[in-house]
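Visitor: I should like a close look at a single part of this model, with its surroundings described in one connected account. Please begin with the aromatic residues and proceed outward from there.

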Amino acid sequence: VGASAPVAGAAITTRWEPARETMADDAIRRFVFEPVDAAPVGAVWVVASGTEGLVSMFGDLIALACKRNGLVGAVTDSGCRDVASMREMGFPVFAKGTVLYGPGALIQPAGANVPVTCGGVDVRPGDWIVADVDGVIVVPSQHLDEVVDVTRTLMAKEEGVRRSLESGASLASAYKL
């Protein structure tokens, strides 16, 4: 599922795991609703499903609460639903796919604002999430300043190549390896 706009922000997390019993309402409140309601403005919600299956981890109602609370987007290694509504409200979501049905008795929320593995990548609360139509990157918080510096340097280099190409330079002369 692609999103309409790029996002960047500090991660808040929800960890799901295989269900051992029927999902309790309290688990949804503690590990989904409360973290979304308490999230700092500018955060990106990372939802680690704990399953290889494709299930909807959230839809437009939870996305509406995220947007209202100032979250800038959501990422999950499973699915979501109500994609058209989320696009219409301008809430970017990055998911494996779309699916109508939720987790049911397959998985249950088991932690919030804890380290998670989402899509095979370790994410800690506060790590920086950067996502656009090309993919999602996790920048460990302790490396953020270094990554920003390197990114600025690379972007300036690419802009120089772009200007050279637009001016008619050959690819071989404009793009130094």
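Guide: Tryptophan 45 and phenylalanine 58 are both buried in this predicted model. The structure holds one aromatic pair. In that pair, the ring centres of tryptophan 45 and phenylalanine 58 lie 5.4 Å apart and the planes meet at 35°, so the arrangement counts as tilted. A tilted pair is one whose planes are neither under 30 degrees apart, which would be stacked, nor over 60, which would be edge-to-face. Tryptophan 45 belongs to strand β2, whereas phenylalanine 58 sits in the loop between β2 and α2, so the pair ties together parts that are 13 residues apart in sequence.

The loop that carries phenylalanine 58 also holds serine 56, between β2 (44-48) and α2 (60-68). Is serine 56 buried or exposed? Serine 56 has a relative accessible area of 1%, and the limit for a buried residue is under 20%, so serine 56 is buried. A polar atom of the serine 56 side chain lies 3.1 Å from the backbone oxygen of phenylalanine 58. Phenylalanine 58 therefore takes part in the ring pair with tryptophan 45 and also offers its backbone oxygen to the surroundings of serine 56. Once neighbours within four places in sequence are set aside, serine 56 is in contact with Gly79, Cys80 and Arg81, and also with Val99, Leu100, Tyr101, Gly102 and Pro103.

Beyond this loop comes α2, in which Ala63, Ala65 and Cys66 are buried. Viewed down the axis of α2, the buried residues fall within an arc of 160°, so they line one face of the helix. The face turned away from that buried side carries Leu61 and Arg68, which are exposed. Among the elements that cover the buried residues of α2 are α1 (25-38), β2 and α3 (83-89). Strand β2 thus appears twice in this account: it contains tryptophan 45 of the aromatic pair, and it belongs to the cover of α2. Just after α2, glycine 70 adopts a positive phi of about 95°.

Another part of the model may be set beside this one, namely strand β10 (residues 128-132). Its covered face presents Ile129 and Ala131, while Trp128, Val130 and Asp132 make up the uncovered face. In a regular strand the side chains alternate between the two faces of the sheet. Strand β1 (residues 7-18) pairs with β10 in the antiparallel sense over four bridges, and alanine 10 stands opposite tryptophan 128 in β10. Strand β11 (residues 135-139) also runs antiparallel to β10, to which five bridges join it; here alanine 131 stands opposite valine 136. Two residues lie between β10 and β11, which form a hairpin.

As for the whole protein, it contains five helices and 11 strands, and 38% of its 177 residues count as buried. Of the contacts with a separation of 6 or more, 68% are made by residues 24 or more positions apart. The C-alpha trace spans about 65 × 35 × 30 Å along its principal axes. The protein exposes about 9,800 Å², of which carbon and sulfur atoms supply 57%.

Conventions:
Residues are numbered from 1 along each chain as its sequence is written. This is a predicted model: local features need pLDDT of at least 70, side-chain atom pairs count only at pLDDT 80 or more; totals for chains, interfaces and linings use all residues. Side-chain values use heavy atoms; hydrogens and water are left out. Buried means under 20% relative accessible area, exposed over 50%, partly exposed in between (1.4 Å probe, protein chains only). Two strands pair if DSSP finds at least two bridges between them. A polar contact is a pair of N or O atoms within 3.5 Å; within protein, one must be able to donate a hydrogen and the other to accept it, and residues adjacent in sequence count only if both atoms are side-chain atoms. Contact means heavy atoms within 4.5 Å. The arc is that of the directions from the helix axis to the C-beta atoms. Rings of Phe, Tyr and Trp (its six-membered ring) pair if their centres lie within 6.5 Å; planes under 30 degrees apart count as stacked, over 60 as edge-to-face and the rest as tilted. Accessible areas come from the Shrake-Rupley method with a 1.4 Å probe; for residues, only the protein chains shown count as cover.
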